[in-house]
Each structure stands twice: as structure tokens, then as C-alpha cells.
Amino acid sequence: MVTLTSTSKLQAVLARIDRAARQCGRNPAGISLLAISKTWSAGDVRALAAAGQRAFGESYLQESLDKMAALRDLTLEWHFIGSVQSNKTRQIAAHFDWLHSLDRLPVAERLAEQRSSSQPPLSVCLQVNLSGEASKGGVSPSDVPPLAQAVAALPGLRLRGLMTIPAPSSDFETQRQPFRRMHELWLQLQADGLAVDTLSMGMSQDLEAAIAEGATLVRVGTAIFGERYSK
Ligand SMILES: *Cc1c(COP(=O)(O)O)cnc(C)c1O
């Protein structure tokens, strides 16, 4: 259970974002914080919501649905960041506001079909796999432009941009390199006429490097909630 400490850690993360933005001449208001609450309880999320945090990211479907049910009295924005199997699309389409980990057209087509027309479109980011590690989800950079065009043409979905999880590094310059490639890919989509506004990159260990390379949304778990225990 985290309560008081998580709210002070939240303030510390917001201060990190603010400082990183100013250091590279960006407006901090252009960077939003997604609090990654996977493995943490509904009570933990409630404590953060009381401190003003509205957007939460989850990786495990059943766990997140239980949390949403327990927090129905709050107005929160829910983002799915985990890997998406086809048998999860119906629940994701029904319950989430955002999906950051889209990497296959058939999944996008299912989501488009399953998203109700009474809901706003599901905001989606394509997950990009820069390292080519087969064990990681994500589409290769060269496949991003055609997938982006196909997803942007689907009803029920709104293509917002790109997401990546680079290999961890403790060196700032090394951290910046994949983020720079992501920014270039994202600018290419804009040049191709797509109205993408989100670059989802940067986590507890590398959010400053991501902000220096243009992140518009950082996904932070450990620095807010503490270490996760294995799941
Ligand atoms: C868990 C997770 C995060 C948060 O990572 P921390 O290092 O705890 O900040 C961010 N993005 C994704 C996709 C994750 O799965």
C-alpha cells in the first residue's frame, strides 16, 4: 500500500518533467504524465487521483478491469500499455481510452469493429521495436508508415502517434539515440499528412532523455509507486 509517499513522489516526478523541459527550451505543458499503476492496488490509484493525477496505464487486462470497477466513482483516463492478444480486443475497446501497444493491423481492425459508435474513438499509438529484438513487441521502423496509414483510415480509432520501450541504459547520450530515431519517424508521419500529436516515450530511468528528444507523454511507474514485486 502506498499513500502519502506516492503523492510526494508524484510531485517529484512532475518536477523532473518540468526541469527537463526547461533545460531543452520546451514548454512543460506540452508533456503529459501517464502514471503506470500495473501491479498496484485500486487504493494506490485512488491516492494518486486525490493528488490530481488523472491518467493511468495498465498492462494486465483482468487486473485493470477490477481496478476500474473499484474506481468507477472517479473520472480517470485509462491507457492500455501491455501486449494485445486478439482475445483481449473486445475488453480493451469497451473499457480503455488509449492503447499504446498496437503493432498489428488485424488487431487494429478488430478494435475498430468492436469500439462502440457511442464512445469517442480509441486513441492509439503504434509500438515501435527499434532494437529488432524478437522477444519484444512492436513494429519495425520501416513498417511504421504503411501501418500508420492503414490504422488512420479505420473508424473507431484515432491514431495519436508512436510508443517505444528502448533497451535500458544508464548513459544519457546512449538513452537519447533511440528517442531521436523515434522523433524522426514521428516527424515523417506528420510530413506524410497524418495528424499525430503523441510521442509516448520515457520511463522512470530515462524520462529526461526522452523529453530532450521530443516526448509528449512519459510513462512512469517505479518513480511514483516504488519497486514492483514480480508478477
Ligand atoms: C512498466 C512499464 C512502464 C513503467 O516503467 P517504470 O520503469 O516503472 O517507470 C512504462 N511503459 C511500459 C510499456 C511498461 O510496461
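**Serine 204**

I started with the contacts of serine 204 in this predicted model. Leaving aside neighbours within four places in sequence, I found serine 204 in contact with Arg16, Arg219, Val220, Gly221, Thr222 and Ala223. Serine 204 sits in the loop between β7 (198-200) and α8 (207-212). Is serine 204 buried or exposed? I noted a relative accessible area of 14%. Serine 204 is therefore buried, because the cut-off for buried is under 20%. I then followed the side chain of serine 204 to the backbone nitrogen of alanine 223, at 3.0 Å. The contact list of serine 204 also holds Ala223.

**The ligand**

Next I looked up the ligand. Which residues are around the ligand? I listed Ile36, Lys38, Ser59, Ile81, Ile165, Met203, Ser204, Arg219, Val220, Gly221, Thr222 and Arg228. Serine 204 is one of them.

I checked the polar atoms. A polar side-chain atom of serine 204 lies 2.5 Å from an oxygen atom of the ligand. For threonine 222, a polar side-chain atom is 2.5 Å from an oxygen atom of the ligand. For arginine 219, the partner is a nitrogen atom of the ligand, at 2.9 Å from a polar side-chain atom. How much of the ligand does the protein cover? I recorded 89% of the 390 Å² of accessible area that the ligand has on its own. The ligand takes up the space of the largest pocket.

**Threonine 39**

I moved on to threonine 39, in the loop between β1 (32-36) and α2. Its backbone caught my eye. Most residues other than glycine have a negative phi. Threonine 39 is not a glycine, yet has a positive phi of about 75 degrees. I also looked up the exposure of threonine 39. The relative accessibility is 29%, so threonine 39 counts as partly exposed.

**Leucine 48 and serine 6**

I then went to helix α2 (residues 42-50), where leucine 48 lies. Leucine 48 has a relative accessible area of 0%, so I wrote it down as buried. What does leucine 48 touch? Not counting residues up to four places away in sequence, I found Ser6, Leu10, Gln53, Phe56, Ile224 and Phe225. I also compared leucine 48 with proline 106. These two are 58 residues apart in sequence and 35 Å apart in space, C-alpha to C-alpha.

Ser6 was on that list, so I looked from its side too. Serine 6 lies in helix α1 (residues 4-23). I noted 0% relative accessibility, so serine 6 counts as buried. Beyond its neighbours within four places, serine 6 is in contact with Ala47, Leu48 and Ile224. Ile224 appears for serine 6 and for leucine 48.

**Tryptophan 98**

I turned to strand β4, where tryptophan 98 is found. Tryptophan 98 has 9% relative accessibility and so counts as buried. I listed what tryptophan 98 touches, not counting residues up to four places away: Glu77, Trp78, His79, Phe80, Leu122, Ser123, Cys125, Arg160 and Thr198. I followed up on Phe80. The C-alpha atoms of tryptophan 98 and phenylalanine 80 are 6.1 Å apart, with their positions 18 residues apart along the chain.

**Leucine 122**

Leu122 was also on the list for tryptophan 98. I found leucine 122 in strand β5. With 0% relative accessibility, leucine 122 is buried. Leaving aside neighbours within four places, leucine 122 is in contact with Phe96, Asp97, Trp98, Leu99, Leu111, Arg115, Gly156, Leu157 and Arg158. I also checked leucine 122 against glutamine 188. They are 66 residues apart in sequence and 23 Å apart, C-alpha to C-alpha.

**Helix α5**

Leu111 led me to helix α5 (residues 105-114). Which residues of α5 are buried? I noted Val107, Ala108, Leu111, Ala112 and Gln114. I then asked what covers the buried residues of α5. The cover includes α4 (89-95), β4 (98-102), β5 (122-128), α6 (144-152) and β6 (157-164).

**Alanine 152**

My last stop was alanine 152, in helix α6. Is alanine 152 buried or partly exposed? The relative accessible area is 36%, so alanine 152 is partly exposed. Not counting residues up to four places away, I found alanine 152 touching Leu159 and Leu194. I also looked up valine 84, which is 68 residues from alanine 152 along the chain. Their C-alpha atoms are separated by 19 Å.

How values were computed. Residues numbered from 1 in each chain as written. Predicted model: local features only at pLDDT ≥ 70, side-chain atom pairs only at ≥ 80, totals over all residues. Heavy atoms only, no water. Helix = DSSP H or I, 4+ residues; strand = E, 2+ residues; numbered from the N terminus. Buried < 20%, exposed > 50% of the residue type's maximum accessible area, 1.4 Å probe, protein only. Contact = heavy atoms within 4.5 Å. Near = heavy atom within 4 Å. Polar contact = N/O pair within 3.5 Å; in protein donor to acceptor, adjacent residues only side chain to side chain. Areas by Shrake-Rupley, 256 points an atom, 1.4 Å probe, with all protein chains shown as cover. 1 Å grid on protein atoms, 1.4 Å probe; cavity = no way out; pocket = protein on both sides within 12 Å on 5 of 7 lines; lining within 4 Å. Sits in = over half its atoms within 2 Å of the grid points.
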